[in-house]
Amino acid sequence: MACDRNPKVLQYQEKFHEREWEMRATFGNFLPTATASLGYTAMNDPLVMNLDPIRDAMLRMQTLTYTKMAVDSFVRAHGLTPTSPAIAGFAESYQKGTQTALDAALPHFIDTLKEKNYPSAQLTLTQPIFMGGRICAAHRAAHDEYQSALAELRQTTNVILQETFSNYISLALINKVVEVRSNVLTSMRRHEKDATELYENGIIAKSALLRAKVAVAEAEQAFSNDTNKRYLARLALAKSLNLPDTILPETSDTLCLQSIKETIKSLINRADSSQPLLAILNAKSDAAKAKVIAERALFLPKAALFGKLELFPDHLSALEPTWAAGITVSIDLFTGGKNISRVQTAKHLVNEIYFLTEATKADIHLLIQKTWLECQNATDHACN
């Protein structure tokens with residue numbers, strides 16, 4: 001019931017599932033990313049490309065060329081001298097006519113690249129190729145956090161089991177105590193009744209009767225105190241089982257002596273291989289090592305494939321492609337030394353967890369020896 005209902009266990013179960021989904025999320029970093037985007041743009045003016053100055057220069061050059069050729073032919077045909085007044089009038093008239101004809105025949109060099117208001121929609125695909133090991137390190141770190149959450153769940157479950165067991169045994173013990181107190185109180189009341197009859201018959205002194213009454217009062221007080229303690233013990237057990245205060249559990253086991261079958265060495269070996277706290281620290285250590293790899297990857301180049309497709313090609317300008325694909329490679333040349341600092345920070349974190357693990361392991365070994373000796377002493381005392 002404690003494993004299924006205790007809020008602390010349920011909390012760490014949710015944390016475990018949280019880390020499980022985080023680990024699955026990091027696997028998606030290996031896969032391509034497809035993104036669809038939709039937008040609408042409004043500009044103050046349309047985007048226009050105006051090349052009419054080039055057109056005007058071309059018209060002037062062409063007009064002058066045609067005019068010169070026509071004047072030369074006119075002079076040869078009429079036998080005129082270059083200084084004749086008729087040539088100037090002919091040239092001016094021919095130039096105006098030619099310019100008008102060319103201007104009508106040649107379109108303007110003006111093109112609207114983008115309308116004032118236009119929609120846009122794109123489909124983009126990106127596939128990482130090489131990220132310096134950061135993706136693998138992130139997945140490894142997420143897996144280590146998953147293992148850490150699993151060990152934390154085991155540790156919390158063990159703590160709740162120990163708490164439930166202690167509360168259960170305390171309730172079983174206080175039940176025995178209350179039973180003894182009840183028997184003592186019954187005996188003291190019988191003794192008081194006998195003392196009263198003897199005092200009334202003049203067989204004993206009044207002081208003996210008073211001692212009997214005091215013994216009854218003490219027995220009643222002890223019985224009342226232990227009855228209240230039993231109520232509190234039932235409340236504590238109900239809390240471990242996450243039961244409402246209206247439902248108070250009761251014990252059915254009898255207390256009996258249990259002897260330790262294992263040696264200190266076997267218990268220490270079991271703790272080194274199965275203790276959840278050490279498993280948590282080992283998972284944290286692996287995650288810290290993965291962080292070192294991830295930070296070192298900052299010094300390596302990053303490469304990725306990309307592809308882009310415009311879903312509204314009619315609204316593209318002449319300078320924009322309908323689709324594009326390629327590869328990008330980038331590397332940080334200078335970051336102010338922060339990447340080196342981050343690598344050193346990750347290395348020191350690995351060393352910190354290592355020494356913490358060693359200290360924790362020593363504390364666990366000491367606790368096992370202390371608890372084992374206390375159990376042996378209690379067993380020897382009970383046998384004597």
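Where is the place of Asn 242? Asn 242 sits in the loop between H6 and helix H7 (264-274); helices (H or I, at least four residues) and strands (E, at least two) are DSSP runs, numbered from the N terminus. Although Asn 242 is not a glycine, its phi is positive, at about 55°.

Some ground rules first. This is a predicted model, in which local features need pLDDT of at least 70, side-chain atom pairs count only at pLDDT 80 or more, and totals for chains, interfaces and linings use all residues. Residues are numbered from 1 along each chain as its sequence is written, and side-chain values use heavy atoms, leaving out hydrogens and water.

**Confidence**

The chain averages a pLDDT of 89, and 98% of the residues score at least 70; pLDDT is the predictor's confidence in each residue, from 0 to 100. Strand S3 (residues 110-114) has the lowest confidence, at a mean of 79, while H2 has the highest, at 94.

**Helix H2**

Let us walk along H2. Its 21 residues should span 30 Å at 1.5 Å a residue, and its end C-alpha atoms are 31 Å apart, which agrees; the expected span is 1.5 Å times one less than the number of residues. At the start of H2, a side-chain oxygen of Asn 6 comes to within 2.9 Å of the backbone nitrogen of Lys 8.

The buried residues of H2 include Val 9, Tyr 12, Phe 16 and Met 23, where buried means under 20% relative accessible area, exposed over 50%, and partly exposed in between (1.4 Å probe, protein chains only). Seen down the axis of H2, the buried residues fall within an arc of 125°, so they line one face of the helix; the arc is that of the directions from the helix axis to the C-beta atoms. Glu 14, Trp 21 and Ala 25 are exposed on the face turned away from that buried side.

**The largest nonpolar core**

This core has 18 residues, and Phe 16 of H2 is among those with the most contacts inside it. A nonpolar core is a set of buried Ala, Val, Leu, Ile, Met, Phe, Trp, Tyr and Cys residues joined through side-chain atoms within 4.5 Å. H5 gives the most to this core, with eight residues.

**Two partly exposed residues**

| Residue | Place | Relative accessible area |
|---|---|---|
| Asn 242 | loop between H6 and H7 | 35% |
| Ala 359 | helix H9 (residues 338-383) | 39% |

The C-alpha atoms of Ala 359 and Thr 196 are separated by 67 Å, with these positions 163 residues apart along the chain.

Definitions and conventions
A polar contact is a pair of N or O atoms within 3.5 Å; within protein, one must be able to donate a hydrogen and the other to accept it, and residues adjacent in sequence count only if both atoms are side-chain atoms.
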